[in-house]
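Biologist: I have a model open and want to go through its binding sites and its domains. Can we take them one by one?

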Amino acid sequence: MKYIDEEKINNLLADTAKIDSRKLDIILKKAKSFQRLTLGESAALLSVNDPEYTQKIFEAASFVKDAIYGRRVVLFAPLYISNLCVNTCLYCAFKSDNLLIKRKALTIPEIKEQARWLLRRGHKRILMVCGEEAPSGKSNIDYYTEAIKVIYEAEVGKHKIKRINVNCAPLSIDEFKQLKASGIGTYQIFQETYHEQTYHRMHPKGPKSDPDNRIDAVDRAFTAGIDDIGIGALFGLFDYRFESLGLLCHVEHMEEKFKVGPHTISVPRIEPAEGAELSLRPPYKISDDEFKKVVAVLRLSVPYTGIIMSTRENALMRDALLSLGVSQISAESNTSPGGYSAGDQEQAGGQFSLGDQRSLDEIVGALIAHDYIPSFCAACYRMERTGEKFMQLAKPGTIKGKCSLNALVTLKEYLDDFASVKVKQDGNKMIERYFGKLDNVDQKMLGLLFSHVSSGVRDEYV
Ligand code: SAM
Ligand code: SF4
């Protein structure tokens, strides 16, 4: 596979079978000064099995997470627009040869209705997702850009969607330019597995069967001017240590060629998918403890890259992973196109089953209870703090201050307009607590934003 040196990864994993306490401390000290780790150092951390050493890794990851991201956690919801697909990925319910699910590509008005449903719940950030096949008579890119336009147009009172990230199949450079022009935030594409032989086995037919075309999509998106890119691996297809190093090799390639790494890394684990036999028995099932280690090692290896956790994971796991490095989570997801408002009878097939079924309000409440600030902010994207500019800001910790203010003001808007009584009470207490910790300048700024919110202004940010 292009850009991924399998032999190097295998050698590193073989070399680091053992790590002593001195070596571990040196690596963790480096990570705690927010320096990028080498592949060898990340491999060494991944090889740790001793519970005492693992605990040290977890503590270091929590330290880095807190120092760079503070207590904020960004919330988003996926919007599945279609489950039509020409590919046959063995793990996915949308695969073309799966006759068990009901197929549906939402019409443009239906997409708007789904966006309005999410707005009514309080969502502001959407991840648009779909299979690789447009409704008949339309090209993929036309379908995507029409969908994005209508989602941004959707309104509920003073509320509008602030940022649409997109997870869709690879496009050409020209098509990526159109996607960028439609106003997307991050373009996300998961390589699924960085192990070439496994890749071929998992993707037997369709355009996705070419791993180089898929990995090159990231380069094409950059070339087209999309500088916030999200990558990911689907954990469970191959050895988790190999996949983690594959992700980090991919990061190195991006840094070398484009001077900026990925904006986010996603770490989905395979979940049961209707009609996709392999998803019920993933060939390399990763345990909860191994999974926590992966998140912690990624946090230490690429401190400035956001880590995304979806509702594939259950509530307990998601809470644990937040302290180890996750910075963005989805909430109240539905993986069936139209699923937010459809009754049980009319539900189209979902992509996989979900571990966390809580409502947005419940998740906001749980975050507050764990002293995390739920954030609906999209200020960086709107102020064009993206790509390298975002990373430059993120590095000295500057972004953390702005993020906290934006998180608090977007939380205030959520509490005033959408929260249940209890969440509103707890959230306002949290806001008071964090307000008290700010310096005078920030207090003044936030006080001003809050007064705007109280007088009915919405969508405030710095
Ligand atoms: N169809 C496009 C593609 O494959 O790139 C874009 C969207 S696809 C619906 C989004 C992601 O869902 C895939 O990249 C894959 O990692 C993930 N996925 C597929 N089947 C899954 C399963 N059974 N459990 C968890 N994640 C799954
Ligand atoms: Fe289609 Fe994507 Fe599912 Fe593969 S993972 S079958 S490409 S929707």
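Modeller: Start with a definition. A molecule sits in a cavity or pocket if more than half of its atoms lie within 2 Å of its grid points. Also keep in mind that this is a predicted model.

Biologist: Where does ligand 2 sit?

Modeller: Apply that criterion to ligand 2. The 2 Å test places ligand 2 in the largest cavity.

Biologist: Which residues are around ligand 2?

Modeller: Take the shell by class to begin with. It has four nonpolar, three polar and two charged residues. By name, the residues around ligand 2 are C85, N87, C89, C92, F94, K95, G131, K208 and Q351.

Biologist: Which residues are closest to ligand 1?

Modeller: Ligand 1 has 19 residues surrounding it. By class, that shell splits into 10 nonpolar, three polar and six charged residues. The closest are E192, K208, R214, E271 and Q351.

Biologist: How much of the accessible area of ligand 1 does the protein cover?

Modeller: Look at the polar pairs before the area. The E192 side chain puts an N or O atom 2.6 Å from an oxygen of ligand 1. K208 has a polar side-chain atom 2.8 Å from a ligand 1 oxygen, and E271 offers a backbone N or O atom 2.9 Å from a ligand 1 nitrogen. On its own ligand 1 has 560 Å² of accessible area, and the protein covers 96%.

Biologist: Which cavity corresponds to the space taken by ligand 1?

Modeller: Compare the space of ligand 1 with the cavities found over the protein atoms alone. That space is the largest cavity.

Biologist: What separates the centres of domain 1 and domain 2?

Modeller: Domain 1 spans 66–389 and domain 2 spans 399–454. Their contact takes 29 residues from domain 1 and 20 residues from domain 2. Taken over C-alpha atoms, the separation of the centres is 28 Å.

Conventions: Residues numbered from 1 in each chain as written. Chains lettered and ligands numbered in written order. Predicted model: local features only at pLDDT ≥ 70, side-chain atom pairs only at ≥ 80, totals over all residues. Heavy atoms only, no water. Near = heavy atom within 4 Å. Polar contact = N/O pair within 3.5 Å; in protein donor to acceptor, adjacent residues only side chain to side chain. Areas by Shrake-Rupley, 256 points an atom, 1.4 Å probe, with all protein chains shown as cover. 1 Å grid on protein atoms, 1.4 Å probe; cavity = no way out; pocket = protein on both sides within 12 Å on 5 of 7 lines; lining within 4 Å. Nonpolar A, V, L, I, M, F, W, Y, C, P; charged D, E, K, R; others polar. Domains from an automatic or database assignment. Contact = heavy atoms within 4.5 Å.
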